[in-house]
Amino acid sequence: MQEQTIFIGNIPLMNSLGTSIVNGLYRIVINQILQSPGIYYRSELDHNEISVYTGTIISYWGGRSEIEIDRKVVIRYFSESYCKELQKKFFQQRCELGRIGRRNMNRKLNLDIPQNNILLLPRDILAAADHLIGLKFGMGALDDMNHLKNKHIRSVVNLLQDQFGLALVRLENMVRGTICGAIRHKLIPTPQNLVKCGPNPCGCDNTSNKLFHRT
């Protein structure tokens, strides 16, 4: 077994004032107040003055998605085979709700999905559509997305974890690609070759710069 010391990037040190010095300038990462992950329902009038009901699913990691219903309501029976079809078509890429999002989804849609299952599931979509149909017929209440109860604070720790977690994912993908290339050419890669020695081998420096250079 070969052991080598490898360089994967720089992390700016924080001083006693809670700031970091990057390229001679003071930089600081602060907490952020963001929309809490989960699902939110609203109603708007279209150009014909007809109410259109929309459910917006906000994920912790993976963007937003919406389901909508207008005056042409079609109620379908969602069988198990339909769940599998949803899984095949819409869940090829992971949409992460996080623990807060899972708690909010369960509470809003009366689900009992375990708290440690933090990914968006076909069952969530089906329950969200069912709730949306209920709103169309006057059952349930709409949400105020701007209310403070629907916000949550992402601390500095969360922001740093997300950024450097992303850098490590890039490192993993790069190492996998290097190993595949070495196998094709019948080479034996060393630890240093796997991460490509240089000033920015795996994107950690680039990720750090993007985080601390935001204005």
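Contact here means heavy atoms within 4.5 Å. In this predicted model, Ser59 touches Pro37, Cys95, Glu96 and Leu97, leaving aside residues up to four places away in sequence. Ser59 lies in the loop between S5 and S6. Its relative accessible area is 10%. The cut-off for a buried residue is under 20%, so Ser59 counts as buried.

The two strands around that loop belong to an open sheet. The sheet has three strands in the order S4-S5-S6, and the pairing is antiparallel. Strand S4 (38-45) and strand S6 (64-69) stand at the edges. Each has a single partner strand, so one side of each lacks a neighbour in the sheet. From one strand to the next, the twist averages 25°.

Strand S5 spans residues 51-58 and is joined to S6 by six bridges. S5 and S6 run antiparallel. Within this pairing, Gly55 has Ile67 in S6 as its bridge partner. Helix H3 packs on the sheet and touches S4, S5 and S6. The direction of H3 makes about 155° with that of S5.

A second loop leads to this helix. Asn110 is placed between helix H2 (98-109) and helix H3 (122-136). Most residues other than glycine have a negative phi. Asn110 has a positive phi, near 55°. The relative accessible area of Asn110 is 70%. Exposed residues are those over 50%, so Asn110 is exposed. Ser59, in the loop between S5 and S6, is buried.

Notes:
Residues numbered from 1 in each chain as written. Predicted model: local features only at pLDDT ≥ 70, side-chain atom pairs only at ≥ 80, totals over all residues. Heavy atoms only, no water. Helix = DSSP H or I, 4+ residues; strand = E, 2+ residues; numbered from the N terminus. Buried < 20%, exposed > 50% of the residue type's maximum accessible area, 1.4 Å probe, protein only. Pairing = 2+ DSSP bridges. Axes fitted to C-alpha atoms, helices over the stretch in contact; angles between N-to-C directions.
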